[in-house]
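User: Please take a close look at one part of this model and then work outward from there into its surroundings. I would like one connected account, with the terms defined as you go.

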Amino acid sequence: MIEKKQIAENERTVLVGVIQKDQTDQQVREYLDELAFLAETAGAEAVRRFTQKLAHPDSKTFVGKGKLEEIKDYISGRDINLVIFDDELTGSQITNIEKALGVKTIDRSDLILDIFARRAKTAQAKTQVELAQYQYLLPRLKGMWKHLERQGGGIGTRGPGETEIETDRRIVKEKIALLRRRLSEIDKQSFTQRKDRGEFIRVALVGYTNVGKSTIMNLLSKSEVFAENKLFATLDTTTRKVVFDTTPFLLSDTVGFIRKLPHHLVESFKSTLDEVREADILLHVVDLSHAQYEDQFNVVNKTLQELKVTEKPMITIFNKLDQYEKNTFDDWLEPEVKTQILEEVRERWENLTLGNCVFISAIERRNLEGLRATILNKVRQMYRERYPYKTEFFGSFEQNEEGFDQ
């Protein structure tokens, strides 16, 4: 069996991206910025970036021979033993690139899978990641296999004349089937847990990875959910009971989205994403200070469309207002001008979200009362629509501060 490539701590790496005909240089630079952050999250250090303009990636080595030679010349004699490509590679491309460069080569999907494997804590998350890893590996077995022509026999291992590649493919398929059955059992347990939450309105935090969802979760629920300035700090959905002004609801923190998220992960994390599907209200958190926050906003909305949840009531939370001001305003700028700029940003997004947005700084706790009031109004409206004759009784739940974890 081919063993999964692990990224070592403090491993030095170079990043490679291709500028295709429907992309700009700036877009690819932004993608590589994110790839560098992913590498850092996995424990690697990106020391150099290489890009090449191509109408189509090379079928054998993804980049052209000249660019491959340039990369080889750079890493030669330097302490670099990892190359990361920003797009998915086939098994044969990985083999050809590694043969040419003499170093370990992975792609963006494999890097994300590595991070997920490190971050998975619960049995559910570990099973989901393992399933995604095997699904990623299966179509790449043939291209990555070094001795396809060898035949083998052996009791209980392979049939007469079965090649080792066929044996491995069969083993991987059996493993995928086993993990799917295991995940199905975990899903049933998770569904039962969600069903047992009763008549509470359910609110889910969604958004691009590293926008501050877990920090907001901690502030709103007064709980300690892991929050870190790294991508995919949270994999396992955490749900807490929250009470605003005697009105209770359930608040869930979910896994962050990202560009080019491997479809195997989306499929494997279906049960985790069910928390989003089954939510009554979505809180879409956006990092206002990020240079590409509008692109991230659109990536999340596209993912929500794929999950078929865009019709749900949604509040867009523009977070990191403090950092946005630091990035945008010079010291010499007049206070009136700063206020005007902020008002123009607010008006624009209020129009785009039909008034369903709030601007906050979770780290400085700015406008948290405004956020609480906006959520409370939406939750109460939902209760009135769903239980028009029972709303007056919801205050009786206030004493029950029990939390829920998946």
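How many residues line the largest pocket, and which of them lie nearest its centre?

Analyst: This is a predicted model, in which local features need pLDDT of at least 70 and side-chain atom pairs count only at pLDDT 80 or more, while totals for chains, interfaces and linings use all residues. Residues are numbered from 1 along each chain as its sequence is written, and side-chain values use heavy atoms, with hydrogens and water left out.

The lining of the largest pocket consists of 22 residues, and those nearest its centre are Ile-258, Arg-259, Lys-260, Leu-261 and Lys-302. A pocket here is an open set of points on a 1 Å grid over the protein atoms alone, where a 1.4 Å probe fits and protein lies on both sides within 12 Å along at least five of seven lines; a residue belongs to the lining if it has an atom within 4 Å of a point. The space in this pocket comes to about 500 Å³, a volume being the space filled by probe spheres set on the points, with grid points joined across faces, edges and corners. Two or more lining residues come from each of α1 (25-41), α4 (108-119), α9 (263-268) and α11 (293-306); helices (H or I, at least four residues) and strands (E, at least two) are DSSP runs numbered from the N terminus. Of these elements, α11 gives the largest share, with six residues. By residue class, the lining holds ten charged, six polar and six nonpolar residues, where Asp, Glu, Lys and Arg count as charged, Ala, Val, Leu, Ile, Met, Phe, Trp, Tyr, Cys and Pro as nonpolar, and the others, Gly among them, as polar.

Two of the contributing helices can be followed further. Helix α11 has 14 residues and spans 20 Å between its first and last C-alpha, close to the 20 Å expected at 1.5 Å a residue; the expected span is 1.5 Å times one less than the number of residues. Its buried residues are Tyr-293, Gln-296, Phe-297, Val-299, Val-300, Asn-301, Thr-303 and Leu-304, buried meaning under 20% relative accessible area, exposed over 50% and partly exposed in between (1.4 Å probe, protein chains only). Just after α11, Lys-308 has a positive phi of about 60°.

Helix α1, with 17 residues, reaches 24 Å from first to last C-alpha, close to the 24 Å expected at 1.5 Å a residue. Among its buried residues are Val-28, Tyr-31, Leu-35 and Leu-38, and also Glu-30 and Glu-34. The elements covering the buried residues of α1 include α4 and α11, together with β1 (11-19), β2 (44-53) and β3 (82-85). After α1 comes Gly-43, with a positive phi near 100°.

A short way before the central pocket residues in sequence lies strand β7 (residues 247-253), which is mostly covered, with seven of its seven residues buried. Both of its faces are covered: Thr-247, Phe-249, Leu-251 and Asp-253 are buried on one side, and Pro-248, Leu-250 and Ser-252 on the other. Strand β7 runs antiparallel to β6 (residues 238-244), the two being joined by seven bridges, and it pairs in the parallel sense with β5 (residues 202-207) over four bridges; strands count as paired if DSSP finds at least two bridges between them. Within these pairings, Thr-239 stands opposite Ser-252, and Arg-202 stands opposite Leu-250. The hairpin of β6 and β7 has two residues between the strands, and Asp-245 in its turn takes a positive phi of about 50°.

Most residues other than glycine have a negative phi. Phe-62, which is not a glycine, nevertheless has a positive phi of about 65°; its place is in the loop between β2 and α2 (65-75), and it counts as buried because its relative accessibility is 6%.

For the wider setting, the protein chain has 14 helices and eleven strands, and 52% of its 406 residues are buried. Of the contacts between residues at least 6 apart in sequence, 72% join residues at least 24 apart, a contact meaning heavy atoms within 4.5 Å.
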